[in-house]
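Here are some notes for your read-through of the model. Please keep the coordinates open while you go through the points.

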Amino acid sequence: MDRCAQHDKELEVHCDDHQELCCSVCVALNHRLCSSISHLPDLARGFLSTSEFKQLPAAVDKMKSRLDELKNERIKDQGTLYDSYKNIIDDIKALRKEINQILDKLEKKTVKQLDNMIEDLEKSIKDDLETFARMHDQLSTMIEKLKQITGKNKECSSYIGFRICQSKLSEANGLVQE
């Protein structure tokens, strides 16, 4: 206890400016310019009988008790911290599960809407294909009938066929435009 921690020399003086115990090397290196340096034997004379020295064990015990209290509080804090950590992790996992459930529902709803949309579009395409085929057949039949008209009413029948064919062409044109 009476050796310098830095230089392993005997502690000889006290620097009153810095409130430090010093060896001769400390004084030479760090305390040359200090105004008040006291010799330890002079400072220590009669110190054992002072009330300050006699109260030191009680002060140390009091501080040790306080440090023990703080240590116990920190141990409790450590346990609480771990519990809080576990609770937060559980909350994160529960939130993740909830988000996944919401996303699953959203996916099912979206897929169902898409299925309905595809079904409607397929029906529309199928209806259009049937209409195109029917219109194609009607136009083919009309033109064939026009070519086969004979007899005394050929001109009148041809005109009627022409008008009906024009009407079907107009209908087909509207379909194509649509």
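**Notes on the model**

1. Start with D42. D42 is partly exposed, at a relative accessible area of 47%. The model is a predicted one. D42 forms a salt bridge with R45, and the closest N and O atoms are 3.2 Å apart. R45 itself is exposed, with a relative accessible area of 64%. D42 falls short of that label because exposed requires a value over 50%.

2. How many salt bridges does the structure hold? The count is six. The R45 pair with D42 is one of them. Two others, both within helix α4, follow in the next points.

3. Look at R74 and D77. Their side chains meet in a salt bridge, at 2.9 Å from N to O. Both residues lie in helix α4. They are three residues apart, which is about one turn of the helix. R74 is exposed, with a relative accessible area of 58%. D77 counts as partly exposed, at 39% relative accessibility.

4. Next, K123 and D127. These two form a salt bridge, with the closest N and O atoms 3.1 Å apart. Both sit in helix α4. Here the spacing is four residues, again given as about one turn of the helix. K123 counts as exposed, at 52% relative accessibility. D127 is partly exposed, with a relative accessible area of 31%.

5. Which residues form a negative surface patch? They are D115, E119, D120 and E122. E122 belongs to helix α4, which covers residues 56–147. The side of E122 open to solvent can be put as a number: a relative accessible area of 52%, so E122 is classed as exposed. Patch members must have over 30% relative accessible area and no salt bridge, so E122 passes the area test.

6. There is a nonpolar patch on the surface too. F47, L48, F53, L56 and V60 form this patch. Together they have about 440 Å² of accessible area. L48 is placed in the loop between α2 (40–44) and α3 (51–54). Is L48 buried or exposed? L48 is exposed, with a relative accessible area of 63%.

7. Now the polar contacts of D16. The side chain of S38 makes a polar contact with the side chain of D16, at 2.8 Å. The side chain of H14 also makes a polar contact with the D16 side chain, at 2.8 Å. Please view D16 with both partners displayed, S38 and H14.

8. Where do these two partners lie? S38 is in strand β3, residues 37–39. H14 is in strand β1, residues 13–15. S38 is buried, with a relative accessible area of 17%. H14 counts as buried as well, at 14% relative accessibility. The label fits S38 because buried means under 20%.

9. C15 also has its place in strand β1. How accessible is C15? C15 is buried, with a relative accessible area of 0%. The C-alpha atoms of C15 and I37 are separated by 4.5 Å. Along the chain, C15 and I37 are 22 residues apart.

10. Check the backbone at D8. Phi of D8 is near 55°. That is a positive value in a residue other than glycine. D8 is found in the segment before β1.

11. Check Q19 in the same pass. Phi of Q19 is near 55°, again positive in a residue other than glycine. Q19 is placed in the loop between β1 and β2 (20–22). Q19 is exposed, with a relative accessible area of 59%.

12. To sum up the charged pairs: R45 with D42, D77 with R74, and K123 with D127. For the surface, keep two patches in view: the negative one that includes E122 and the nonpolar one that includes L48. For the buried residues, keep C15, H14 and S38 in view.

Methods
Residues numbered from 1 in each chain as written. Predicted model: local features only at pLDDT ≥ 70, side-chain atom pairs only at ≥ 80, totals over all residues. Heavy atoms only, no water. Patch = residues over 30% accessible without salt bridge, like charges linked within 9 Å, V, L, I, M, F, W, Y side chains within 5 Å. Areas by Shrake-Rupley, 256 points an atom, 1.4 Å probe, with all protein chains shown as cover. Salt bridge = Lys/Arg side-chain N within 4 Å of Asp/Glu carboxyl O. Lys, Arg positive; Asp, Glu negative; His and termini not counted. Charge placed at Lys NZ, Arg CZ, Asp CG, Glu CD. Buried < 20%, exposed > 50% of the residue type's maximum accessible area, 1.4 Å probe, protein only. Polar contact = N/O pair within 3.5 Å; in protein donor to acceptor, adjacent residues only side chain to side chain.
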